[in-house]
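Here is a short tour for someone meeting this protein for the first time. Have a look at the sequence and the model, then read on.

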Amino acid sequence: MRVFALVAATITTGLTSGLFYTYASVTPGLRTADNLAVVQVMQRLNVAVLNGWYLLGFVGTLVFTGVAVVLHLPSDGHRVLPAAVGALVCYTGSLVATRAVNLPLSQALAEAGDPGRARYSDPFDPSGARRVRWSAARALLSTVALGLLCWALVMHC
């Protein structure tokens, strides 16, 4: 069960890390687009991303990593524990960033309405730099979590 939990946590973290990396890679390009393009693209992305594959990675990472930590609590699993706990902390940090910054921005985009008439901007940062920064932070945190889970697998073997 320990190996299964670590492998499942690593795979789902890789999926989520890849998604966050993609967002961090493409959102800077939107900073030079006009308002219509930004609203159209982000509204469509935010709807398309809400699917079973996304939920598998997003929720699965938290569940499988938490299970891996719990399963490695006994003394014979302590070698893996620091890396697994570190991965859980990093991934939780990416969830906090998502909840605190990215979801409210996505909600504001959804509420902007018809892209042809919508006037959307982040009231805290109309240039969009805040979305870019926090997308990069999520990508970095989840990538560190992925690296830590890879290290946990190495330590387990």
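Let's start with a term: a polar contact is a pair of N or O atoms within 3.5 Å, where, within protein, one atom must be able to donate a hydrogen and the other to accept it. With that in hand, take S106: its side chain makes a polar contact with the side chain of N46, at 3.3 Å. Keep in mind throughout that this is a predicted model.

**The big picture**

How confident is the prediction, going by the average pLDDT of the protein? The average comes to 87, and 92% of the residues score at least 70. Confidence varies from element to element: helix α2 (residues 35-48) has the lowest mean pLDDT, 81, while helix α5 (residues 129-156) has the highest, 93.

As for the fold, you'll find five helices and zero strands. Going along the sequence, that reads α-α-α-α-α. The C-alpha trace spans about 60 × 25 × 20 Å along its principal axes.

How much of the protein is buried? Of its 157 residues, 42% count as buried. On the outside, about 8400 Å² is exposed, and carbon and sulfur atoms supply 71% of that area. Contacts that reach far along the chain are well represented too: among contacts with a separation of 6 or more, 82% are between residues 24 or more positions apart.

**A nonpolar patch on the surface**

Which residues form the nonpolar patch on the surface? They are V3, V7, I11, L15, W53 and L56, and together they have about 600 Å² of accessible area. The elements giving two or more residues to the patch are α1 (2-30) and α3 (52-71). Helix α1 provides the largest share, with four residues.

One of the patch members, V3, sits in helix α1. V3 has a relative accessible area of 42%, so it counts as partly exposed.

**Five residues side by side**

Before visiting some individual spots, here is how five residues compare with the cut-offs for being buried or partly exposed.

| Residue | Relative accessible area | Class |
|---|---|---|
| V3 | 42% | partly exposed |
| T16 | 3% | buried |
| G29 | 48% | partly exposed |
| S106 | 16% | buried |
| S135 | 1% | buried |

**Along helix α1**

T16 is another residue of helix α1. Why does T16 count as buried? Buried means under 20% relative accessible area, and T16 has 3%, so it falls in that class. Leaving aside neighbours within four places in sequence, T16 is in contact with G57, F58, T61, Y91 and S142. With one of these, T61, the link is also polar: the side chains of T16 and T61 make a polar contact at 3.4 Å. There's also a distance to note here, as the C-alpha atoms of T16 and L50 are separated by 13 Å, with their positions 34 residues apart along the chain.

G29 belongs to helix α1 as well. Its relative accessible area is 48%, and therefore G29 is partly exposed. In the sequence, G29 and V132 are 103 residues apart, yet their C-alpha atoms are separated by 9.5 Å.

**The loop between α2 and α3**

Where is N51 found? It lies in the loop between α2 and α3. Is N51 buried or partly exposed? At 31% relative accessibility, N51 counts as partly exposed. A polar atom of the N51 side chain lies 2.9 Å from the backbone nitrogen of Y54.

**Two serines in helices α4 and α5**

Back to S106, the residue we opened with. It is found in helix α4 (residues 81-111). With a relative accessible area of 16%, S106 is under the 20% limit and so is buried. Not counting residues up to four places away in sequence, S106 touches N46 and R131. N46 is thus also the partner in the side-chain polar contact at 3.3 Å.

The other serine, S135, is found in helix α5. A relative accessible area of 1% makes S135 buried. Which residues does S135 touch, once those up to four places away in sequence are set aside? They are F20, Y23, A24, T27 and N102.

Note on methods:
Residues are numbered from 1 along each chain as its sequence is written. This is a predicted model: local features need pLDDT of at least 70, side-chain atom pairs count only at pLDDT 80 or more; totals for chains, interfaces and linings use all residues. Side-chain values use heavy atoms; hydrogens and water are left out. Patches are made of residues with over 30% relative accessible area and no salt bridge: like charges are joined within 9 Å, nonpolar side chains (Val, Leu, Ile, Met, Phe, Trp, Tyr) within 5 Å. Accessible areas come from the Shrake-Rupley method with a 1.4 Å probe; for residues, only the protein chains shown count as cover. A salt bridge is a side-chain nitrogen of Lys or Arg within 4 Å of a carboxyl oxygen of Asp or Glu. Buried means under 20% relative accessible area, exposed over 50%, partly exposed in between (1.4 Å probe, protein chains only). Contact means heavy atoms within 4.5 Å. pLDDT is the predictor's confidence in each residue, from 0 to 100.
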